[in-house]
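Student: Could you go through this structure with me and show how each label is earned?
Tutor: Gladly; let us look at it together.

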Amino acid sequence: MNIKKMIAIYGGLVIGVGSAAYAAEPKPEPVPPTSLDLRTTVDGSPIDLSTSLPTERDTPGVLKFLQTGVDPYIDDPSCLRLGQSLFLSDCSGCHGEVGEGKIGPGLNDDYWTYPKNEHDQGVFETVYGGARAMMGPHNGDLTLDQFMQVIAWVRHFYKDPVDKAYWLNAEQKKNYKPYTEAEGKRIAALPISTPGQCQATALKEKKLQDEEDKEAQ
Ligand code: HEC
């Protein structure tokens, strides 16, 4: 089963269109407070986080991002593993497998159409609320935690000089290595439950997927 379907099922379970087996649906999680002034990329209007999917709104990663504007997952292998899968199912059709560009612009180089995308907050705003042409809003496809995962992956496949990697802190800049195909294979080969900040999320999603696969048999 692909990730998109998995999200649809997970979302369905929560908003109550899931099967009768899930009688006790949890209520949508409250939207956490944010100190960020989040604005859409198209017209600068405020972003309303209550239009996000109802789960995974208050994971430690989301809470941290909403206070700092920095994606805390970008050097965590457990999150990169998930972000890579999400990118391949939701983004690569337009942006290329490693963000090299296709009908959408390249995301792995140091040129940004929107300079705000030099910062994680900018990429979040662009992907959450959409940009122009084929770049639609993704607030209905990805949970807030999944935004953190997929943005982490976008940062990870960056291949250009480190001095233009404005989203990295000094320590991360020191450890920076341009992305290679071998690195992509290494991350893809990691187990879904790789230890790290995204391990619990991964296991939860895997459990839902296994249940779904069993039902489908
Ligand atoms: C249907 C095709 C399509 C899909 C799917 C898509 N994009 Fe895009 N994306 C585009 C196009 C076209 C643009 C250029 C829009 C513009 O210039 O306003 C764009 C622009 C962007 C930008 C801004 C780049 C810059 O140079 O400033 C980012 C970041 C981005 N996309 C990330 C993503 C991510 C992450 C996903 C998956 C969650 C995604 N996109 C899915 C077509 C797509």
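**Reading the labels**

Tutor: From the N terminus on, the elements of the chain run α-α-α-α-α-α-α-α-α. This is a predicted model, in which local features need pLDDT of at least 70, side-chain atom pairs count only at pLDDT 80 or more, and totals for chains, interfaces and linings use all residues. Residues are numbered from 1 along each chain as its sequence is written.

Student: How many helices and strands does the chain have, and what makes a stretch a helix?
Tutor: There are 9 helices and 0 strands. Helices (H or I, at least four residues) and strands (E, at least two) are DSSP runs, numbered from the N terminus.

Student: What is the mean pLDDT of the chain?
Tutor: The mean is 91, and 88% of the residues reach 70 or more; pLDDT is the predictor's confidence in each residue, from 0 to 100. Over residues 5-21, however, pLDDT stays under 50. Where pLDDT is low, the predicted coordinates should not be read in detail.

Student: Why is Glu-56 called buried?
Tutor: A residue is buried if 20 or more other C-beta atoms lie within 10 Å of its own, exposed if 12 or fewer, and partly exposed in between, with C-beta atoms placed from the backbone. Glu-56 has 23 other C-beta atoms within 10 Å, so it is buried. Buried residues make up 34% of the 217 residues in the chain.

Student: Why is Thr-68 called partly exposed?
Tutor: Thr-68 has 13 C-beta neighbours inside 10 Å, so it falls in between the two cut-offs and counts as partly exposed. Thr-68 lies in helix H2. Its C-alpha is 9.8 Å from that of Asp-120, although the two are 52 residues apart in sequence.

Student: Why does Ala-133 count as exposed?
Tutor: Ala-133 has 9 C-beta neighbours inside 10 Å, and 12 or fewer means exposed, so the label fits. Ala-133 lies in the loop between H5 and H6.

Student: What is notable about phi in Ala-133 and Glu-56?
Tutor: Most residues other than glycine have a negative phi. Phi of Ala-133 is positive, near 50 degrees, and Glu-56 also has a positive phi, of about 55 degrees. Glu-56 is found in the loop between helix H1 (3-15) and H2.

Student: Why is Arg-57 buried, and which residues is it in contact with?
Tutor: Arg-57 has 20 C-beta neighbours inside 10 Å, and 20 or more is the cut-off, so Arg-57 counts as buried. Arg-57 lies in the loop between H1 and H2. Two residues are in contact if their C-beta atoms, placed from the backbone, lie within 7 Å. Leaving aside neighbours within four places in sequence, the contacts of Arg-57 are Glu-29, Val-31, Pro-32, Ser-52, Val-62 and Leu-144. Arg-57 and Asp-145 are 88 residues apart in sequence and 6.6 Å apart in space, C-alpha to C-alpha.

Student: How do you know that the length of H6 fits a helix?
Tutor: The expected span of a helix is 1.5 Å times one less than its number of residues. H6 has 13 residues and reaches 19 Å from its first C-alpha to its last, close to the 18 Å expected. Helix H3 (residues 77-90) has 14 residues and reaches 20 Å, close to the 20 Å expected.

Student: What makes H3 and H6 mostly covered?
Tutor: In H3, 11 of its 14 residues are buried, including Leu-80, Leu-86 and Phe-87. In H6, 13 of its 13 residues are buried.

Student: What makes a set of residues a nonpolar core, and how many residues has the largest?
Tutor: A nonpolar core is a set of buried Ala, Val, Leu, Ile, Met, Phe, Trp, Tyr and Cys residues joined through C-beta atoms within 7 Å. The largest has 30 residues, and among those with the most contacts inside it are Phe-147, Ile-151 and Trp-153. Its largest share, 8 residues, comes from H6.

Student: Which residues come nearest the ligand?
Tutor: Of the 24 residues around the ligand, Cys-91, Cys-94, Gly-104, Ala-131 and Arg-132 come nearest. A residue is near a molecule or strand if its C-beta atom, placed from the backbone, lies within 6 Å of it.
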